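Student: I should like to learn how features of a structural model are read. May we work through one together?

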Amino acid sequence: RFNHRSVGITRPMLCNGADESHDVFPLCSGYPDQLPRSSTHTSDNVACSSINYKGWRILRFQKRVGSGNQCYKRVQNAMYNWDFVSRDGKKSIGILSPKKPVHLANVKQTQSKTVPRKGLLGTFSEIPLFKPLFVVNPIHAVYEMRDCRRTIPNNIVSSASYATIDGHLLAGEERVSVILRGNDAVDVEIVSFSRSAPSINGRIVWPFIGRMQKQFFLKEMEHLSRIATCK
């Protein structure tokens, strides 16, 4: 079961009057000039912003990754499959998905795979010790939006999201979106709402996890950018 009561908080068109029923950064906000003033740009030209709102840490990342319908479709397919694995030196992070299983050990040591049931996902990070140690946090898919033409006028938008479930050290939701603009440009957006999980361990790690969160989403953006350009 989900470990918080705000499942669907990132849904851009959801608005029923409740405080946490809508995305305070609507999907239709401009790219990238209309980001909040607190936004910064990385060396890879990713626009980043962070605010706190009603107890939520809200992170937002946007990048122009290419142009054309084929670019849009490549990112869309990766997004729906939750296709994300990144390795940096001895460390690796990513998302476990039943549609794209991930080896959770060196291939020379074992050929076993973790294949969760449909809809059940997991974020993972590797801790490089004498033998690889993987930390896996459970998540579950929430919704998909496919080729929406009314969300942003003259643009086509697809989105997918997941939320945290019991056993996760955080509570919250992530939405990934790909936007085919009217001028044929393709943008990727990642939005994350998070706060401490209600568990004791969740409260302990919350003050120290902000940098790890940002690195996770930047690596995810980097991975989708490579898929967009077939690199």
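Student: Is F193 buried or exposed, and what is its relative accessible area?

Tutor: This is a predicted model, and every value below is computed from it. Residues under 20% relative accessible area count as buried; F193 has a relative accessible area of 1%, so it is buried. W56 counts as buried too, because its relative accessibility is 1%.

Student: How many aromatic pairs does a search of the whole structure find, and how is such a pair described?

Tutor: Two quantities describe a pair of aromatic rings: the distance of the centres and the angle of the planes. The search of the whole structure finds 5 aromatic pairs. One of them joins W56 and F193, edge-to-face, at 6.1 Å centre to centre with 70 degrees between the planes. This pair links distant parts of the chain, as W56 belongs to strand 3 (residues 56-67) and F193 to strand 12, 137 residues apart. Another edge-to-face pair is formed by F216 and F217, with 5.6 Å centre to centre and 85 degrees between the planes. F216 and F217 are both buried, and ring pairs link them with F61 and F84 into a cluster.

Student: Which charged residue sits over the ring of W56?

Tutor: The charged end of R195 sits over that ring, 3.9 Å from its centre. In a further case, R11 lies over the face of Y143, 4.2 Å from the ring centre.

Student: Let us turn to empty space. What is the volume of the largest pocket, and which residues lie nearest its centre?

Tutor: Rolling a probe the size of a water molecule over the atoms shows where empty space is left. Here the largest pocket has a volume of about 850 Å³. Its lining comprises 35 residues, and I93, S125, M212, Q213 and F216 lie nearest the centre. Elements giving two or more residues to this lining include strand 9 (133-148), strand 12 (185-196) and helix 3 (210-228). Helix 3 gives the most, with 6 residues. By character, the lining residues of the largest pocket divide into 17 nonpolar, 12 polar and 6 charged.

Student: Finally, the backbone. What is the phi of N45, and where is N45 placed?

Tutor: Most residues other than glycine have a negative phi. N45 has a positive phi, near 65 degrees, and lies in the loop between strand 1 (40-41) and strand 2 (47-53). With a relative accessible area of 46%, N45 is partly exposed. D147, in strand 9, also has a positive phi, about 50 degrees, although it is not a glycine. At 28% relative accessibility, D147 is likewise partly exposed.

Conventions
Residues numbered from 1 in each chain as written. Predicted model: local features only at pLDDT ≥ 70, side-chain atom pairs only at ≥ 80, totals over all residues. Heavy atoms only, no water. 1 Å grid on protein atoms, 1.4 Å probe; cavity = no way out; pocket = protein on both sides within 12 Å on 5 of 7 lines; lining within 4 Å. Points joined across faces, edges and corners; volume = space filled by probe spheres on them. Helix = DSSP H or I, 4+ residues; strand = E, 2+ residues; numbered from the N terminus. Nonpolar A, V, L, I, M, F, W, Y, C, P; charged D, E, K, R; others polar. Phe/Tyr/Trp six-rings, centres within 6.5 Å; stacked < 30°, edge-to-face > 60°. Buried < 20%, exposed > 50% of the residue type's maximum accessible area, 1.4 Å probe, protein only. Lys NZ or Arg CZ within 6 Å of the ring centre and 35° of its normal.
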